[in-house]
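Visitor: I'd like to learn how to read a few features of a model like this one. Can we take them one at a time?

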Amino acid sequence: MSQMKLFDKVHIGGMTLKNRIALAPMGTKTAPDGGYEERSIEYYKRRAEGGCGLIITGLNMCSTEFETRAANTLEGFHQVDRLSLLVDKCHAYGSKVIVQIGPGLGRVGYSDPENPPYSASAVPCKNFPDLMCKPFEIPQIKRLVNRMGNTAMLAKNAGADGVEIHAYGGYILDQFMTSEWNKRTDEYGGSLENRMRFMVECVEEVKKVCGKDFACVVKITVDHCMPDVPGMRKLDEGIEIARRVRDLGGIDALHVDVGCYEKYYMQVSTTYQDEGYGLYAAKAIKEAVPGLPLIVHGKLNDPAFAEKVVKDGVGDIIALGHQMLADPDWANKVKEGRIKDIAWCCGCNECLYGAVKGRFKPCAINPISGNEFDYVTEPVKEPTKLLVIGGGCGGMMTALEAEKRGIEVELWEKTEELGGMLLAAGAPEFKRDILKMNEYLKYQVLKSNIKVCFNKEATAENVIASGIQNVCIATGATPFIPPVPGIDGENVRTAIDVLEDRSPVLGKVVVIGAGLVGMETALHVNKTASHVTVVEMLPGILSGADHMYSLDQWLRQEVADSDMDVVCSAKVTKITPTALEYEKDGKTVTVEADTVIVASGFRSNNQLEDELWGKVANIRTIGDAVKPGKIISATKEGYHFARVL
């Protein structure tokens, strides 16, 4: 594995990288003054320690004059010392550091309904469409250009190896470059040359201030992936922008992106996307605009696939984002050939969902992501035993963390396979990343010293008889079956049964429930069924889904593009061997159904807690057994219970 091209040296200008693996830019929590705080420094250091050849920081805004701080800022000497510490800690492991800089977020920033953000023109604010943005005046643009040069100089003072100009994704510079958002009639609007002027002036200022030996990378969006909207960028314009950036001279690499907030699942990958889904754009740029090293990203987590991207010349540097949250040691593990030890990102986007709520970036498979500074695994001080009941993701995570601490662990699983709900959740072809996560957890459990007992269902009696006084109840949840006449018919199955069975569902299908499980199941069976109808009591689909809107966007788009019928505000009243009846608007409707699939929610399996309470010393119930929820809830609760046991 050490001979892989991923581990060849590569040059960006005068900078030499030890390999072709980069940490993609993602924002981190900031100190009160906008500079880097200790957790963020540790976060970057940890990825450098894990083998990344290049660390690209998240956005550092050059000024807070025109918007409240929503990212790191680098506008004064008082912020240089901590950035310098970040750089030094990464350099210690042989990693280079590029600081991403930009003028801000503009119309997609964290605005409120009363204070309009600045943008290229008076266009609708993303979060509040009735609120029109304030156009930048030319003197304000000139000030921001000047501040970009100042920020680049501060990054150079901190010892960084270069900067990346943040000109992508629907943020300020991209707003200027996009005719949908740029309606100006002055020298910063109209033609592509004029729309690019702000970005070009920023690049020229950075090169003037920092010199040709300081690396300068530009990140651009070459396709907004919205072909039906005339003013959004298509690939042909993206190619022309890339060509003009190259022709500026002094640009050392191009970082290629696709998507925008309106198609966020193309900009930030989810569990639903195929690997390398954005590489079509990189291929087009590589062919049309030769001469610049390309940094590429977009679900390149699989080492063999990433290696092929480099070998085929599609990209020169592989940037990994969420995968580096899931496993900071990805690069080292690949180099050492320990592929099965990679903790796979499952694409749940909980990292981003937590961040937009103001939290540190959590991770379903790596509970200390962004909190490396806070949570340290320490060996247990005296011999301790732990019984984990349930071999789903929460149970496996609990067992692994406890075993790592030197605790003697026994895990009981009532079936003959580890995985619990992950087995059903990962069944649809478009959610295979969940199965990769499960395979990782299974491999770690089975190669450890954890004693796994399959086909063993826990009862109060056999738990007490085991003599183990520390018990983690990770027994999950079971489907809720609504009291509908005919619900016990032979043609009725639960969504979990259908997903776990994995055999094709044929004929006419009706799904009861349009929540997350219901809609994913409907899309799954729609590939083989002759027709699918979804019936939902609430006014809309995905009403109770608690997830990042990138996933929501994808699901709603897939449903809209399908031939399924979705009936909301309807109550199922009867199921027969050949049909389902529902009431809507006072009328009874009959739908033919060869199979009826129930996706009406779940009920926690937590009765064992009451039966054991007071009979063992320490009980903790986690995950779905507390409240039916998400993967991250189970893994986080289990990890931290084991960490402090």
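Guide: Sure. Let's begin with burial: a residue counts as buried under 20% relative accessible area, as exposed over 50%, and as partly exposed in between. Keep in mind that this is a predicted model. With that cut-off, K299 is buried because its relative accessibility is 10%.

Visitor: Which residue does K299 meet in a salt bridge?

Guide: The general idea goes like this: side chains of opposite charge can pair when their charged atoms come close. Here the side chain of K299 meets that of D433, at 2.7 Å from N to O. K299 sits in the loop between β13 (294-296) and α10 (303-311), while D433 belongs to helix α16 (residues 432-446), so the salt bridge ties together parts that are 134 residues apart in sequence. D433 is buried too, with a relative accessible area of 10%.

Visitor: And how many salt bridges does the count come to?

Guide: The count is 41. Some share partners: one network joins E42, K45, R46, E49 and D329.

Visitor: What separates R244 and E240 within helix α7?

Guide: About one helical turn, because they are four residues apart in α7 (residues 235-248). Their closest N and O atoms are 2.9 Å apart, in a salt bridge. R244 is partly exposed at 32% relative accessibility, and E240 is partly exposed at 25%. Another case is R184 with D186, also a salt bridge, at 2.9 Å from N to O. There R184 counts as buried at 11%, whereas D186 is partly exposed at 24%.

Visitor: Let's turn to helix packing. At what angle do the axes of α14 and α22 cross?

Guide: Two packed helices are described by the angle between their axes and the distance between the axes. For α14 (residues 393-404) and α22 (residues 631-644), the axes cross at roughly 25° and come within 8 Å. That angle makes the two helices roughly parallel. The crossing is right-handed.

Visitor: Which residues of α14 and α22 meet?

Guide: From α14, they are C393, G394, M397, T398, E401 and A402; from α22, they are I631, A634, T635, G638, Y639, F641, A642 and R643. Sorted by class, this contact has eight nonpolar, four polar and two charged residues.

Visitor: One last residue: is V498 buried or exposed?

Guide: Buried, with a relative accessible area of 1%. V498 lies in helix α18 (residues 495-501). Setting aside neighbours within four places in sequence, V498 is in contact with R493, V505, V525 and I597.

Key:
Residues are numbered from 1 along each chain as its sequence is written. This is a predicted model: local features need pLDDT of at least 70, side-chain atom pairs count only at pLDDT 80 or more; totals for chains, interfaces and linings use all residues. Side-chain values use heavy atoms; hydrogens and water are left out. Axes are lines fitted to C-alpha atoms, for helices over the stretch in contact, and angles run from 0 to 180 degrees between N-to-C directions. Angles under 35 degrees count as roughly parallel, over 145 as roughly antiparallel, 65 to 115 as roughly perpendicular and the rest as oblique. A crossing is left-handed if the near helix is turned anticlockwise from the far one by less than a right angle, and right-handed if clockwise. Contact means heavy atoms within 4.5 Å. Ala, Val, Leu, Ile, Met, Phe, Trp, Tyr, Cys and Pro count as nonpolar, Asp, Glu, Lys and Arg as charged, and the others, Gly among them, as polar. Buried means under 20% relative accessible area, exposed over 50%, partly exposed in between (1.4 Å probe, protein chains only). A salt bridge is a side-chain nitrogen of Lys or Arg within 4 Å of a carboxyl oxygen of Asp or Glu.
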